[in-house]
Amino acid sequence: MPRRLLPWLRWGAVAFLVSLLALDLAFPPKLPKARDTSTLVVARDGTPLRAFADADGVWRHPADPASVSPLYLQALLGYEDRWFRHHPGINPWALARAGWQWLRHGRIVSGGSTITMQVARILDAEPGSTRTPSGKLVQLLRALQLEAHLSKDEILSLYLERAPFGGTIEGVEAASWAYLGKPASRLSQAEGALLAVLPQAPTRLRPDRNPDAARIARDKVLERMVELGAWKRADVDDAKIEPVVSRSLRVPVSAALLAQRLRSAAPRAERIESTIDAGLQRTLEERVSAYFSSLPERTSAALLVVDNATLEARAYVGSVAFGDAGRLGHVDMVRAWRSPGSTLKPFLYGIALDDGLIHSESLLVDAPQSFGGYRPGNFDAAFNGPVSAATALRLSLNVPAVDLLDRIGPARFTARLDHAGISLRFPRGATPNLSLILGGTGARLEDLVGAHAALHRNGIAGQVRYTPEAALVERRLLSPGAAWIVREILESNPRPGERMETFDTGRRLRVAWKTGTSYGFRDAWALGATRRYTVGVWVGRPDGTPLPGQYGAVTALPLLFETIDSLPREPGDDARVPVPANVSEREVCWPLGTAADGQPDASCQRRMKAWTLDGAVPPTFAERDARLWSTGRERFDIDPASGLRLSAECSRPHARESREIARWPALASPWLSAATRSASRLPSLSPDCMADGRDALEELRIEGVNEGVALARAPDSLDGVKLSLRAIGTSTRIQWLLDGRWIAETHGAQSFRHEFKQPGRHTLTALADSGAWSSVSFRVVR
């Protein structure tokens, strides 16, 4: 070459390079400005829960060479572009071979495109632009341009994410889940070969529509791998035996409402890892759907399972059926504000324990009472008289709970819950009041589950976590001792319909469970906790309309126990939690409520074992109404000869002896036996002594029915016996109970009519606000 041409060649090379650079700047590669894959929400093991399409409706998941099966990569590179790691973006020999075959046969026999060229075509904004000669030239230049800008792994990642697999499915990860129901990292040789060839003709080879064509194409790839020496003949023969079985093309939809919630919190995230157990989630979704399929229209349900150690959610069912418009399946009831019914009562009793107000067997009175004009009743309208704190909590009695809340204070109780992360919602302008403990407030299932977990977390409640990176937010709700006592009370409550002597419950986990039903049957709740898990169930109508006849123990509780019985177990799950050092079991006395040590029988009419906290054995509460006698010891003098009570001033001299009785709460009297009432009653005052104000102020008498009578219905009548009733002897409000169940309220001598329909023996009780009471027993005969 003449020396004088060298400068021209150098300048020509420089000009060529400058031209390429100018073209590159003028026409940069059409790379994604950001990772624009669709959002994928996965379970804790990586199983997809729900995929969200991108703005164009395409399902595309993140993928890179490290995240897919090596067998798939071997099949892809061996069949599509075995010189991928070595060529500059185009393979001249492959192009020449493809061109010669086209000229010789008049049709395309094999392609000459490299993976880089295919990526260039995928990124081209105009479909079909590479089918013309000029378009093919642009594709070649774009491939060279991609090689100059990206590494081989980056180019391969674009292919793995964007290769077409039929329909709106792009990328091997989305295709693997959509067609095979498994991650791309776990593909077998047969599956890897199938997905390697599918992008060549994604419509013609779709395995869900054309399984035979897909099998032939797959086997062609398998044979190529043998020819290349990449796979053994025996392995390929085994792979060919695998049938091409594909499920209908669909994207995963599990824990749909949680996935939607997480995506809303991180809309730009490509992959969101949750704490959900995929297998448990699927099982519980199917169980909830089947369990409530017979409930009326517009009825929904929610279920939440939380790991106590980490507060991570393991299952999240936000509605009966996601997408079911008839059941409002798009409404997430895990985080909806609803009336909690009685589900807050365990925390009330725990706080009362911490405050030293009660022990587990403190005497409470379940009887009609007025709390500043608020008169609560029980769910079944019946009253039980004197009950222990443990019994009142297990039976979810309303009057004792309101009594406790009144002594603790609604505002303080609400503040304690709020500090522990249990927010309550009240109507605008309203303040916490006594009705909140019976459901007169708003709460969320996720908050209640986080609170009930405190019973197995030494009294520490917390916010439920849905992603591993979510902060662990926890606050103390109860002391460890109070949490232990409350849990012990709830765990000792047998499952409905079971008795220890009838059922072998030895293999069942101990469950601290509580139900709740809101006013008007709008919400049915069941919450339960074992050592490892806390489970919450809600049933109702998202629109807030009543669901008559459905309440916690009937609707929600059976599903709670089914769920708990199906949860994974580990050794030690059934072990009993050790008693804390500051909790002790002591014998206590009723009616005083104090320790039985050294108490005479007159003061200790009933003895029972109680769990006490920090050694405190608080006495039975005093009566609220000053007109009623107070529970406790009452000392008095008697004349030993007559047995009559003596006051300070008597008209004649008497021998005096000091005596003492233990008084029961006045409102408990109708439920006490005659012997118990007699042992707690003051002797009559001696006639010559001045009144000391210690006798009962009033004596009630029921008019309208006599003791021991038999009331007969009229012959051939379907009506019951109708009576006009009233109580004489008080000017206060009177509550009327039939067999312990509330039936009416009157004032003073006001009368009312009642129809007695049920045959059999009955007891009618009139209980005045003053503590005076009277009862009659009678029979209704047919």
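**View 1. Ile743 counts as partly exposed because its relative accessibility is 23%.** Here, buried means under 20% relative accessible area, exposed means over 50%, and partly exposed lies in between, with a 1.4 Å probe and protein chains only. This is a predicted model, so local features need pLDDT of at least 70 and side-chain atom pairs count only at pLDDT 80 or more, while totals for chains, interfaces and linings use all residues. Residues are numbered from 1 along each chain as its sequence is written, and side-chain values use heavy atoms, with hydrogens and water left out. You can find Ile743 in strand 24, which covers residues 741-747. Strands (E, at least two residues) and helices (H or I, at least four) are DSSP runs numbered from the N terminus. Setting aside neighbours within four places in sequence, Ile743 is in contact with Trp736, Leu737, Leu738, Phe752, His754 and Leu764; contact means heavy atoms within 4.5 Å. How far apart in space are Ile743 and Leu764, C-alpha to C-alpha? The answer is 9.7 Å, with their positions 21 residues apart in sequence counted as the separation.

**View 2. Strand 26 pairs with strand 23 and with strand 27.** Two strands pair if DSSP finds at least two bridges between them. Strand 23 (residues 733-738) and strand 26 (residues 760-768) run antiparallel, with 5 bridges. Look for Ile734, which faces Ala768 of strand 26. The pairing of strand 26 with strand 27 (residues 773-781) is also antiparallel and has 8 bridges. In this pair, Thr765 sits opposite Ser775 of strand 27. Strands 26 and 27 make a hairpin with 4 residues between them, and Gly771 in the turn has a positive phi of about 95 degrees.

**View 3. Three strands form an open sheet in the order 18-17-19.** The pairing in this sheet is antiparallel. Which strands lie at the edges? They are strand 18 (645-646) and strand 19 (657-663), each of which pairs on one side only. Strand 17, made of residues 632-638, joins strand 18 in antiparallel fashion through 2 bridges. Ile638 is found opposite Arg645 in strand 18.

**View 4. Helix 15 is mostly covered.** Of the 11 residues in this helix (398-408), 9 are buried. Among them are Val399, Pro400, Ala401, Leu404 and Ile408. What covers the buried residues of helix 15? The cover includes helix 13 (345-354), strand 8 (363-366), strand 9 (385-388), helix 14 (389-394) and helix 16 (410-419). Just after helix 15 comes Gly409, with a positive phi of about 105 degrees.

**View 5. Thr414 is a residue of helix 16.** Is Thr414 buried or exposed? Thr414 counts as buried because its relative accessibility is 11%. Beyond neighbours within four places in sequence, Thr414 is in contact with Leu424, Phe426, Pro432 and Leu436. Thr414 and Asn433 are 19 residues apart along the chain, and their C-alpha atoms are separated by 9.4 Å.

**View 6. Glu147 in helix 5 is in contact with two residues after that helix, Lys152 and Ile155.** Helix 5 spans residues 133-149. Glu147 has 16% relative accessibility and therefore counts as buried. Apart from neighbours within four places in sequence, its contacts also include His87, Pro88, Gly89 and Thr116. Lys152 and Ile155 are among the buried residues of helix 6. Helix 6 (residues 152-162) is mostly covered, with 9 of its 11 residues buried.

**View 7. The second largest cavity has a volume of about 70 Å³.** A cavity is a set of points on a 1 Å grid over the protein atoms alone where a 1.4 Å probe fits but cannot get out, and lining residues have an atom within 4 Å of a point. Points are joined across faces, edges and corners, and the volume is the space filled by probe spheres set on them. A search of the whole structure finds 4 cavities of 30 Å³ or more. The lining of the second largest includes His456, Arg487, Glu488, Asp573 and Val577. In total, this lining has 2 nonpolar, 1 polar and 8 charged residues. For this split, Ala, Val, Leu, Ile, Met, Phe, Trp, Tyr, Cys and Pro count as nonpolar, Asp, Glu, Lys and Arg as charged, and the others, Gly among them, as polar.

Key. 1 Å grid on protein atoms, 1.4 Å probe; cavity = no way out; pocket = protein on both sides within 12 Å on 5 of 7 lines; lining within 4 Å.
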